[in-house]
Amino acid sequence: MSTGLPDRTTRLVADIGGTNARFALIEAPGAAPSHIRVLACADFTGPEAAVHAYLAAEGVSTPCAAAFGIANPVTGDRVAMTNHHWAFSVDALRTTLGLDRLLLVNDFTALALSLPHLATVELEQVGDGEARPGQAIALLGAGTGLGISGLVPAGDTLVPLQGEGGHVSLPASTPREANLIALLAERYGHVSAERVLSGPGLVALHDALRRLDGLPARELDSATISARGLAGQCPVCTETLHLFCALLGTVAGDLALTLGARGGVFVGGGIVPRLGEFFARSAFRERFLAKGRFRSYLETIPTRVIRAPYAALTGAAHALDTPFAVGFDSRAPLCASTPPLA
């Protein structure tokens with residue numbers, strides 16, 4: 001039960017997405033996240049209310065240090081989420097929660113930091129290739145949005161990337177894809193990779209396919225599109241999933257070439273793991289390889305699906321200890337370092 005006193009041995013970690021916020025405690029150095037609880041973001045006015053609800057539900061006092069991954073750019077103290085209405089100051093949130101330290105990082109930066117700590121059973125390889133130790137690692141994943149990150153070598157360690165690669169322009173590889181992107185551009189202007197490779201993107205892609213083929217509009221959400229597509233109940237839904245996997249492969253291949261990711265390409269997010277064997281049989285790997293003269297280069301790079309649902313929580317904990325500056329680090333006056341775990 002809560003004592004009302006700050007806990008100087010435990011760390012609070014969170015993975016905040018556009019739909020759900022996942023919370024957990026790290027109770028010892030290197031320990032796996034425990035007391036995991038998933039809360040719907042829509043149920044709370046902001047992260048402060050969600051944190052209080054989590055701590056109350058677990059019956060624990062507020063730790064002194066916390067690290068949150070969030071599905072948003074982290075460029076300073078002020079945060080306004082792209083795919084949700086939460087907006088807040090990191091410094092103010094730390095103060096109101098009574099924390100000595102609150103580190104906020106992009107959710108895919110947190111996920112990238114977890115990659116060296118994942119077990120083999122938490123990964124599913126798609127295609128051939130073998131990772132080379134000490135080389136760059138690429139990461140991408142579709143959920144409410146499209147996250148992109150990675151790890152690049154710096155001496156004897158790997159440095160996490162802090163970018164917004166999900167908002168690069170989406171490329172077309174076939175005439176049909178070019179026509180679809182043109183239709184999406186009429187509606188949205190810029191067609192980013194996230195515009196299609198995300199939950200809302202599945203809806204946008206499905207709608208564009210129906211329009212392109214002169215079919216009447218049908219209002220289906222992403223879960224319904226996925227379910228009908230996997231079951232073969234709707235040809236348009238099935239094509240939507242096939243195109244999603246192919247386009248994700250194109251973007252993954254571009255990322256691998258950009259980073260020189262001979263340490264492997266990892267696919268996270270909430271959508272791909274739910275596709276199961278459909279994804280393994282899809283055009284993802286072939287489109288990943290389809291880069292002309294550099295096909296042989298990419299054939300040596302493994303692509304792996306992350307099957308660990310709470311990996312970003314582990315990564316958030318490691319963000320507190322990374323020797324490199326990541327995200328926005330808010331500390332109480334006179335707090336020079338994270339309280340050590342005992």
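How many Å should the 25 residues of α8 span at 1.5 Å a residue, and how far apart are its end C-alpha atoms?

**Entry 1: ground rules and helix α8**

I am working on a predicted model, where local features need pLDDT of at least 70, side-chain atom pairs count only at pLDDT 80 or more, and totals for chains, interfaces and linings use all residues. Residues are numbered from 1 along each chain as its sequence is written, and side-chain values use heavy atoms, with hydrogens and water left out.

Back to my opening question: the expected span of α8 is 36 Å, and its end C-alpha atoms are 36 Å apart, which agrees. The expected span is 1.5 Å times one less than the number of residues. I take helices (H or I, at least four residues) and strands (E, at least two) as DSSP runs, numbered from the N terminus. Helix α8 covers residues 235-259.

I then looked at how covered α8 is, and found 18 of its 25 residues buried. My cut-offs are under 20% relative accessible area for buried, over 50% for exposed, and partly exposed in between, with a 1.4 Å probe and protein chains only. Just after α8, I noted that G260 takes a positive phi of about 65°.

**Entry 2: the open sheet**

Next I traced an open sheet of six strands, and its order is β8-β13-β12-β9-β10-β11, with mixed pairing. Its edge strands are β8 and β11 (157-160), each pairing on one side only. On average, neighbouring strands here are turned by 25° against each other, direction ignored; the axes are lines fitted to C-alpha atoms, for helices over the stretch in contact, and angles run from 0 to 180 degrees between N-to-C directions.

For pairing I ask that DSSP finds at least two bridges between two strands. A reminder to myself: strands of a sheet pair through backbone hydrogen bonds, either parallel or antiparallel.

I walked inwards from the β8 edge. Strands β8 and β13 run antiparallel and are joined by four bridges, with L123 opposite I306 in β13. Strand β12 (residues 265-268) runs parallel to β13, joined by three bridges, and V267 stands opposite V305 in β13. Strand β9 (residues 137-142) pairs with β12 in the parallel sense over four bridges, and there L140 stands opposite V267.

**Entry 3: salt bridges**

Side chains of opposite charge can pair when their charged atoms come close. I counted a salt bridge wherever a side-chain nitrogen of Lys or Arg is within 4 Å of a carboxyl oxygen of Asp or Glu. By this rule I get 13 salt bridges.

One of them takes me back to strand β8: E124 bridges to R307, with the closest N and O atoms 2.7 Å apart. E124 lies in β8 (residues 123-126) and R307 in the loop between β13 (303-306) and α13 (311-319), so the pair ties together parts that are 183 residues apart in sequence. E124 is partly exposed at 24% relative accessible area, and R307 is partly exposed at 31%.

Another bridge involves α8, where E239 meets R176 at 2.6 Å, N to O. R176 is in helix α4 (residues 175-188), and the two residues are 63 apart. I logged R176 as partly exposed at 28% relative accessibility and E239 as partly exposed at 25%.

Helix α4 also supplies E177, whose side chain meets R287 at 2.9 Å, N to O. R287 is in helix α11, 110 residues away from E177. Are these two buried or exposed? Both E177 and R287 are buried. I also found R101, D329 and R331 joined into one network by salt bridges that share partners.

**Entry 4: aromatic rings**

I finished with the rings of Phe, Tyr and Trp (its six-membered ring), which pair if their centres lie within 6.5 Å; planes under 30 degrees apart count as stacked, over 60 as edge-to-face and the rest as tilted. Searching the whole structure gave me five aromatic pairs.

F279 and F284 have ring centres 4.7 Å apart and planes at 40°, so I call the pair tilted. Both F279 and F284 are buried. F284 also pairs with F288: the centres are 6.4 Å apart and the planes at 20°, so this pair is stacked. F284 and F288 sit in α11 (residues 284-289), four residues apart, about one turn of the helix. F288 is buried, as is F284.

Elsewhere, I noted that F23, Y54 and F68 form one aromatic cluster. My last lookup was R195, whose charged end sits over the ring of Y188, 3.9 Å from its centre; the test is NZ of Lys or CZ of Arg within 6 Å of the ring centre and within 35 degrees of the ring normal.
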